[in-house]
Amino acid sequence: MKISLECYLLTALTALGLGVVQGAQSQGCGSDARALWQQGDYTQAVPLLRDCLNQPYGREPEVFYMLGVSYCELGQQQYGKCCLRWLLERFDLPTQTRRIVDSLVADCGTSLSVTASLRVTGVTISAGVSWVGAGSHGETKSFYNVEDPLRRSFVDSLVVVHNVAESELHGRLRNIADGPTPPDSIVAAFPAHPNVQYSPHFRFIDFRNLYVDATRRELYFETMMQCFVRLYKVPLPEHYISVYIAPDSRQFQDIALKVHGLAFPARTLGYSFQDDASVVGITGGEQSSYGTLMHELCHLLVRTNFGDIPPWLDEGLAALYEVSERVGSDSLLGGRNPWRENVLSKYWAVRAPLSELVTMDWPKFKGDADSTGIRQAVNEAEARYFMFYLQEIGKLSAVYSTIQAMQVSSSQNFDSLNQLQASAISTVVGQSMPQVDSSFASWYSTLTGFETSDPTSKSMER
Ligand SMILES: [Zn+2]
C-alpha cells in the first residue's frame with residue numbers, strides 16, 4: 001500500500017463560537033521524533049513519540065498517527081491498531097483523512113508505505129448561533145436556530161484564504177516573563193487602532209469603540225485561567241494569550257483574515273488558534289458577557305494537556321463556561337443557559353442516553369449523518385447540561401481527570417475505545433450508567449421544571 005498523505009485538518013465543531021487551536025508541532029512534540037519517523041526509523045521514533053504524549057500540546061493527532069504506523073511496522077499490530085483507532089475516536093478528522101486511517105487499521109501489519117506526515121492545524125468552529133436582532137449582544141441573547149436549513153452550510157464553509165507560516169505564528173508569542181511589549185505589526189495592521197492592554201496572562205486587543213471596564217474584563221479572564229489550573233490541572237502559560245475582541249461580525253471577519261488568513265461563514269461568533277495562542281470573538285457592549293470567548297478559551301486551555309479530549313467533554317465543558325459566574329479568584333460556576341436548555345427540552349425525547357453520548361466519536365457527536373443539524377445541537381446541549389450536573393454533584397473535575405488519564409494501552413480489550421469512558425464515569429460517580437442517566441434526568445427536571453421521559457432511539461438516527 002502506498003500512501004501519500006498531506007492533510008490539513010480543519011475541524012468544524014459547532015457550538016458557540018469557534019474554537020481552535022494548535023501549532024502544536026513546535027510547542028509540543030519535538031521535531032526529532034518526526035524526523036526519525038520520516039526516515040522510517042520507527043524503533044528510535046517510538047520512545048520519543050510516547051514522550052510527546054506527556055508534553056504540553058503533545059497529545060495531537062499526528063503523534064497518534066505516527067505511533068500507530070510505527071507499531072504496525074514494528075510488528076506490534078494490536079498496539080498499532082489501538083493508536084490508530086484512538087486517532088479515529090478522539091479527533092475530528094476530515095472525511096478523507098478518516099478513510100486513510102481506516103485503511104491503515106485494516107492493513108496494519110502488511111508493510112505500510114507511508115509518506116509525508118499528517119499536518120495538523122486544528123480549528124474548532126462554533127457557528128450556528130445567530131444574534132437575535134441587530135444590536136442585541138451576548139450569549140444569552142443568541143440562540144441555536146436548529147431548524148435553520150442553512151445552518152450546515154456555514155459550518156462547512158470556512159475558507160483558508162492564505163496560509164500563515166508557522167514560524168510567523170510562533171513569532172507572535174510573547175513571553176510573560178518579559179512583560180508587556182509595544183504593539184506589534186499585527187496590531188499595527190488595523191486602521192481601527194484597537195485598544196491593547198495586558199493582564200497577568202492575557203493580552204487584550206479590543207476593537208470595541210466604547211468604554212471598557214478593563215478590571216471586570218481582566219477579572220473574568222484571569223479567574224477562568226485560575227479555575228482551569230485548579231480544577232483541570234492546566235499549566236499556566238509561558239506566553240500571553242491574545243484575546244481579540246470584535247464588536248461585530250465585520251470586524252471579526254477582518255481580524256480572522258488579517259491575523260490567521262481565514263474567512264469564516266456568516267454568523268460565526270468566535271474561534272481559537274493554538275499556534276499563536278489566541279482567541280477571537282464577537283462581544284457586544286460593555287455589559288455583555290464574554291461567553292463566546294470563554295468557550296473558545298476553554299478549547300485552547302484544555303489542549304495544553306488534553307489534545308485528545310473526547311467531543312462530549314470538550315464541547316460540554318466549553319459550553320458550560322459560556323454562561324458562568326465568578327465566585328472567587330479561582331472559581332467559575334456554570335449556570336443555566338436558556339438557549340441550550342430550549343434545545344435540550346424540545347428534543348429531550350430523542351436525546352442519546354448518556355451511556356451513548358460519552359462513547360460518541362466526533363462524526364457521531366456532530367451528527368454528520370443528520371443534515372438538519374438537530375442531532376449536533378441536541379448532543380451539545382445534553383453534553384453541556386451533563387457537565388453542569390457533574391459540577392453540581394461535585395464530580396466534574398474527577399471525571400475530567402479520569403478521562404484524561406486514560407491511555408491507549410488500557411483500551412485493548414474493548415471493542416470501542418470510548419466504551420472505556422462510560423465505565424470510567426460510572427466508577428467516578430458511583431452508579432451504573434443507566435443510574436447516572438436517570439439521576440441526570442431527575443436533576444434536569446427539578447432544575448428546569450421540564451417533564452423528562454426516558455430517551456428513545458427510535459425517532460431519530462444517532
Ligand atoms: Zn466549541
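The legends below accompany several close-up views of one predicted model.

**View 1. The protein chain as a whole.**
In this predicted model, the protein chain is built with 20 helices and 17 strands. Of its 462 residues, 48% count as buried. Among the contacts in the protein chain with a separation of 6 or more, 73% are made by residues that stand 24 or more positions apart.

**View 2. The largest nonpolar core.**
The largest nonpolar core holds 109 residues, and within it Cys83, Leu87, Met224 and Val243 touch the most other members. Helix α17 gives the most to this core, with ten residues. As background for this view, nonpolar side chains in soluble globular proteins tend to be buried together. One of the core residues just named, Val243, touches Phe202, Arg203, Phe204, Ile205, Phe221, Val279 and Leu293, when residues up to four places away in sequence are not counted.

**View 3. Strand β11 and its two partner strands.**
Strand β11 covers residues 202-206, and four of its five residues are buried, which leaves the strand mostly covered. With strand β10 (residues 195-198), β11 pairs in the antiparallel sense over four bridges, and Gln197 stands opposite Phe204 in β11. The connection from β10 to β11 is a hairpin through three residues. With strand β12 (residues 241-246), however, β11 pairs in the parallel sense over five bridges, and Phe202 has Ile241 in β12 as its bridge partner.

**View 4. The crossover from β11 to β12.**
Which elements make a left-handed β-α-β unit? The unit consists of β11, helix α10 (residues 214-232) and β12. Lys233 lies in the loop between α10 and β12, and this residue has a positive phi of about 55° although it is not a glycine. Is Lys233 buried or partly exposed? Lys233 has 14 other C-beta atoms within 10 Å, and so it is partly exposed.

**View 5. A positive phi at Ala277.**
The loop between β14 (270-273) and β15 (278-282) is the place of Ala277. Ala277 has a positive phi of about 50°, although it is not a glycine. Because it has 26 C-beta neighbours inside 10 Å, Ala277 counts as buried, the cut-off for a buried residue being 20 or more.

**View 6. Helix α20 and its two faces.**
Helix α20 runs over residues 433-448, and its 16 residues reach 22 Å from the first C-alpha to the last, close to the 22 Å expected at 1.5 Å a residue. Which residues of α20 are buried? They are Val436, Asp437, Phe440, Ala441 and Tyr444. These residues lie on the same side of α20 because they cover an arc of only 135° around the axis. The face turned away from this buried side carries the exposed residues Gln435, Ser442 and Thr446. What covers the buried residues of α20 includes α15 (354-357), α17 (374-392) and α19 (419-429). Just after α20, Gly449 takes a positive phi of about 80°.

**View 7. The passage from α19 to α20.**
Gln431 lies in the loop between α19 and α20, while Ser426 lies in helix α19 itself. Because Gln431 has 15 C-beta neighbours inside 10 Å, it counts as partly exposed. Ser426 is likewise partly exposed, with 18 other C-beta atoms within 10 Å. Leaving aside residues up to four places away in sequence, Gln431 touches Ser426, Val436 and Ser439, and Ser426 touches Gln431, Ser432, Met433 and Val436. Val436, which appears in the contacts of Gln431 and in those of Ser426, is one of the buried residues of α20. Ser426 can also be placed relative to Ser355, which is 71 residues apart from it along the chain, and their C-alpha atoms are separated by 9.3 Å.

Methods: Residues are numbered from 1 along each chain as its sequence is written. This is a predicted model: local features need pLDDT of at least 70, side-chain atom pairs count only at pLDDT 80 or more; totals for chains, interfaces and linings use all residues. The expected span of a helix is 1.5 Å times one less than its number of residues. A residue is buried if 20 or more other C-beta atoms lie within 10 Å of its own, exposed if 12 or fewer, and partly exposed in between; C-beta atoms are placed from the backbone. The arc is that of the directions from the helix axis to the C-beta atoms. Two residues are in contact if their C-beta atoms, placed from the backbone, lie within 7 Å. Two strands pair if DSSP finds at least two bridges between them. A crossover is right-handed if, with the strands pointing away from the viewer, the path from the first strand over the helix to the second runs clockwise. A nonpolar core is a set of buried Ala, Val, Leu, Ile, Met, Phe, Trp, Tyr and Cys residues joined through C-beta atoms within 7 Å.
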